[in-house]
Amino acid sequence: MRVAVTGTPGTGKTTAVTAADSLSVPIVHLNETITTHELWTERDTDRDSLIADLDAVRSHLGAWEGIVESHLSHYLDADRVIVLRCEPATLESRLLDRGETPKKARENAESEALDVLLSEAVSQHGAEKVYEIDTTGKKPKEVATEIEAVVTGTKEPSAGTVDFTQYLTQ
């Protein structure tokens, strides 16, 4: 089983996957892997981020199994894709608290309100393989329990069930 856990930066991917300790599957923290193994082509100085080489990432991972978490993981072949979501104002606050610039925090909050990563995941994999989990106000273990339900097949696909578009009118 290959499960991609994706979501806008700040939705809680790394924290929730780490808290899913009852799963005995390999976990790849893709952003760390990209940096450690230099699987990137250039640095975006405006966004202070690396541009991942997805072909190099796929080659490095090979026939992977388990969970891959990153805002890029939905670009990989996967059996199930979990999209973590978070209310945009809460997300913006989280990103500011961890030191992101106001511009970057706002850009990510708007991306979340517009369902950008959800749309990409559905486009790449089809709605029948995509599971949304709203992390707003939930403890990491609660989110981890929902991730575990997706991995074990006890949660149904749920693309399109979270709506944060009201953020755009504020």
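In this predicted model, Leu30 makes contacts well beyond its sequence neighbours. Leaving aside residues within four places in sequence, Leu30 is in contact with Val57, Leu61, Val68, Glu69, Ser70, Leu72, Ser73 and Leu76. Several of these partners recur in the largest nonpolar core, which has 18 residues. Leu30, Ile34, Val57, Leu61, Val68, Leu76 and Val81 are the members that touch the most other members. At least two residues of this core come from each of helix H2 (30–36), helix H3 (54–61), strand S6 (80–85) and helix H6 (116–125). Another core lies apart from this one. That second core has 17 residues, among them Val3, Ile82, Ile133 and Ile147. In soluble globular proteins, nonpolar side chains tend to be buried together.

Strand pairing was examined next. Strand S1 (residues 2–7) runs parallel to strand S5 (residues 66–69). Four bridges join S1 and S5. Within this pairing, Arg2 has Gly66 of S5 as its bridge partner. Strand S2 (residues 27–29) also pairs with S5 in the parallel sense, over three bridges. Here Ile27 stands opposite Ile67 in S5. Strand S5 is therefore paired with S1 and with S2 in this model. In a regular strand, the side chains alternate between the two faces of the sheet.

The annotated positions were then placed on the model. An unreviewed UniProt entry lists Gly10, Gly12, Lys13, Thr14, Thr15, Arg98 and Lys138 under "binding site". From this set, Gly10, Gly12, Lys13, Thr14, Thr15 and Arg98 belong to the lining of the largest pocket.

Two lysines of the annotated set were followed further. Lys13 lies in helix H1 (residues 13–19). Its relative accessibility is 8%, under the 20% limit, so Lys13 counts as buried. Not counting residues up to four places away in sequence, Lys13 touches Val5, Thr6, Gly7, Thr8, Glu69, Ser70, His71 and Leu84. Glu69 and Ser70 also appear among the contacts of Leu30.

Lys138 is found in a loop. This loop runs between strand S7 (130–134) and helix H7 (140–152). Lys138 has a relative accessible area of 31%, which lies between the limits of 20% and 50%, so the residue is partly exposed. Not counting residues up to four places away in sequence, Lys138 touches Ile133, Val143 and Glu146. One of these partners, Ile133, is a member of the 17-residue core.

Methods
Residues are numbered from 1 along each chain as its sequence is written. This is a predicted model: local features need pLDDT of at least 70, side-chain atom pairs count only at pLDDT 80 or more; totals for chains, interfaces and linings use all residues. Side-chain values use heavy atoms; hydrogens and water are left out. UniProt positions are given in the numbering used here, feature names are shortened, and annotations may be inferred rather than shown by experiment. On a 1 Å grid over the protein atoms alone, a cavity is a set of points where a 1.4 Å probe fits but cannot get out, and a pocket is an open set with protein on both sides within 12 Å along at least five of seven lines; lining residues have an atom within 4 Å of a point. Buried means under 20% relative accessible area, exposed over 50%, partly exposed in between (1.4 Å probe, protein chains only). Contact means heavy atoms within 4.5 Å. A nonpolar core is a set of buried Ala, Val, Leu, Ile, Met, Phe, Trp, Tyr and Cys residues joined through side-chain atoms within 4.5 Å. Two strands pair if DSSP finds at least two bridges between them.
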